[in-house]
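Welcome! Please take a moment to look over the sequence and the model, and then we can walk through a few of its features together.

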Amino acid sequence: MHTRLPAFVLLLACACAINCPAAQDAAQKSIGEVITYRGKETTDPEYYHGGIRHAVGVHRYQALRANRAQAPEGVGRVGWTYNHAPMLAYWKGRFWLNYVSNLVEEHGPPGRTGFISSADGRHWQQPTVAFPVVHLPAITPPPRYFNGKVLPPLPPGTESVMHQRMGFYVAPNGRLLTSGFYSYCPNVRWGPNRGQGLGRVVREVHPDGSFGPIHFVRYNRHAGWDETNTPFPFFERSADAGFVAACRALLADPIVTLQWWEDDRGRDGFFKLEIPTDQQTSEKIFGPMSEENPFYIEPKALSWYTRKDGAIVGLWKSGLAALSRDGGNSWERGRHYLPESAAKIWGQQTDDGRYAVVYDHSATQRNRFPLVVLTSDDGQFFDDMLAIHPEVPEMRYRGVNKGVGPQYIRGITPGNGNPPGDELWLTYSVNKEDLWVTSVKVPIAGSVQEHVQDNFEGLKSEADLARWNLYVPQWAPVSIVRDPWQADNHCLELRDEEPYDYAKAERIIPASQRVRVSFSALQVQSGLNGLEVEAQTGRSKRALRLWWFPREIAFDLGSVEVERTGIDTGRWYDIVLEIDCGRGTYDVSIGGKWIHRGLELQEKPESIERLVFRTGAWRMDVRHYLIPGEPGAPGVWQADQPGADDKVAAGVYLIDNVITQQL
């Protein structure tokens, strides 16, 4: 639930505003709640998954895996393990993604804008650099941008840092521009987005993925930067008339450019969202009033959609929301009171005509997990909280300001393309290290009505598994493959060479108190971790687990400790589970023989709603991370994880003939 400030705080805030006409006027114009959550669902703070149901048909692909020891060819020195703030577009039949990339940590120079693309959203090319590091002149940080503090000067040659809340713009003439913001950080405790930076840059992306030259499209003149002291020319000097026209169209779009405010903070009237005249650019809150007043919340990380009545809904972090009824030329400020939301929020209309908002439901306010979606018929009242990305692997690399979990969620901004199909496409970083791209089946739902009958025949790839949830790190792919022992048979393969993550395929089934589950499994070769198969409830309680060792299958979970069953590598085994939640037991058959009867189910499941196939151990308990007195972002104090830059021996497992039926 959202937290409202005590009455005496609000009274004090109002008293402080009496002598501020702009603040008084602003308060009178507030329109209250722009969007509202009407559901009762919330998350359990002790688990990364939050204990909520999962959306059906979510395919999550790791588009970029950070690596401190190895660098892709042509991108310079190794490192660049801080990767964050990805932005997504779809143009000319391809997905395009740009992102902020620093060598080690947030606000730590050098920083650049990376760039990757994909034909299908699943397989991503090696990264290139859209906006490279530049060396800056000597800079004396103006105190007005840093809470009035006098900070040491930066020597000439200091490396730049990038920041951006906007990545792409498809112009009316069909040109694709990618964009970023050049800035600097006096040290890692001060961000580049306080108004002190050089300005906004753009360059054209060609259909083959090559770039046009870099140009500034807007300078931070109030901070002293202009044509005379910046490294790239102004766009109007370009000889390419089509590029110039695209830039002019970009500058004329009041909604798209409103994404720039956080970096720019200009007071020249360029931005159409009214900012109080008494704002303090050096403060996180503009003036003395509390953030209960929407006019005193910084408009950071805008996303927007158009309601069916024609009003544009703008959503920012920290609860700010607004309506525009004239195409973004003016805004009525208000709030969104979504439960436990403080970080970035993404809102859009989905292809079925409904609406979705996606954000981190931060039950502890110290975390960014799980990533959830809410849905709505009208774009105003939202319900049905479901998990989109409940996975949180271990952070591999040390660095300041590295929060745990999936974060900085973005979709495809209106006007920047719509991929084939009805899926909702999203991108975000995980642990501020790796970048992920996710598709969500539309209509968005958290349950299914029909039992499973999947033999994986007639599928082109795992992308055709519309009702499966897939979690696919680059070093732990999930694929549809031919059976190596029977060429005319296809099956699901989980392959894992990842030392700190796993492959996962999950199938949601109708809620069943008594259910028969059958599948075939083959261990091609054993890796670092064995295959684990679990039956779970809709809220992720673990009822049972089967665990593949190199030569045996175990049935251990919680208080269950029973004799293991021997298996051979390279041989298919038909497995049957008969589960009775009312009795709290299950039976196991392997190869046509009942191995165990009446094994105890764990965590008192009310019903079974999910089958999980996973190449690593369960890791959802968050309590080891929420250590009293420790920093909220563990990258501050943890060390780099050993062996994080190299693959391990592959574990390869095949699954076939997954069938469930009511008993």
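## The chain as a whole

Among contacts between residues at least 6 apart in sequence, what percentage join residues at least 24 apart? In this chain the share is 64%. Keep in mind as you read that the model is predicted.

The chain has 663 residues, and 61% of them count as buried. Its secondary structure consists of 4 helices and 37 strands.

## An open sheet of 9 strands

Let us turn to one sheet. Here 9 strands come together in an open sheet with mixed pairing. If you would like to trace the strands, follow the order β12-β13-β14-β15-β1-β19-β18-β17-β16. At the edges are β12 (303-306) and β16 (345-349), each of which pairs on one side only. From one strand to the next, the twist averages 30°.

Within this order, β1 sits beside β15. Strand β1 covers residues 33-37 and strand β15 covers residues 332-337; the two run in the parallel sense and pair over 3 bridges. For a spot to look at, find Glu33, which stands opposite Arg335 in β15.

## A look at Ser512

Is Ser512 buried or exposed? Ser512 counts as buried because its relative accessibility is 0%. This residue belongs to strand β27, which spans residues 504-512.

Leaving aside residues up to four places away in sequence, Ser512 touches His451, Cys581, Ser607, Ile608 and Gln662. You can also compare Ser512 with Glu606: they are 94 residues apart in sequence, while their C-alpha atoms are 8.5 Å apart in space.

## Spaces inside the model

Rolling a probe the size of a water molecule over the atoms shows where empty space is left. In this model, the count comes to 7 cavities of 30 Å³ or more.

The largest cavity holds about 80 Å³ of space. Its lining includes His49, His54, Pro390, Tyr502 and Lys504, and also Arg610, Arg614, Trp618 and Arg619. Sorted by class, the lining of the largest cavity has 4 nonpolar, 4 polar and 4 charged residues.

How much space lies in the second largest cavity? The second largest cavity has about 70 Å³. Around it you will find Met87, Leu88, Met166, Gly167, Phe168, Gln259, Arg410, Gly411, Thr413 and Asn416. By class, the lining of this second largest cavity has 4 nonpolar, 5 polar and 1 charged residues.

Definitions and conventions:
Residues are numbered from 1 along each chain as its sequence is written. This is a predicted model: local features need pLDDT of at least 70, side-chain atom pairs count only at pLDDT 80 or more; totals for chains, interfaces and linings use all residues. Side-chain values use heavy atoms; hydrogens and water are left out. Two strands pair if DSSP finds at least two bridges between them. Axes are lines fitted to C-alpha atoms, for helices over the stretch in contact, and angles run from 0 to 180 degrees between N-to-C directions. On a 1 Å grid over the protein atoms alone, a cavity is a set of points where a 1.4 Å probe fits but cannot get out, and a pocket is an open set with protein on both sides within 12 Å along at least five of seven lines; lining residues have an atom within 4 Å of a point. Grid points are joined across faces, edges and corners, and a volume is the space filled by probe spheres set on the points. Ala, Val, Leu, Ile, Met, Phe, Trp, Tyr, Cys and Pro count as nonpolar, Asp, Glu, Lys and Arg as charged, and the others, Gly among them, as polar. Buried means under 20% relative accessible area, exposed over 50%, partly exposed in between (1.4 Å probe, protein chains only). Contact means heavy atoms within 4.5 Å.
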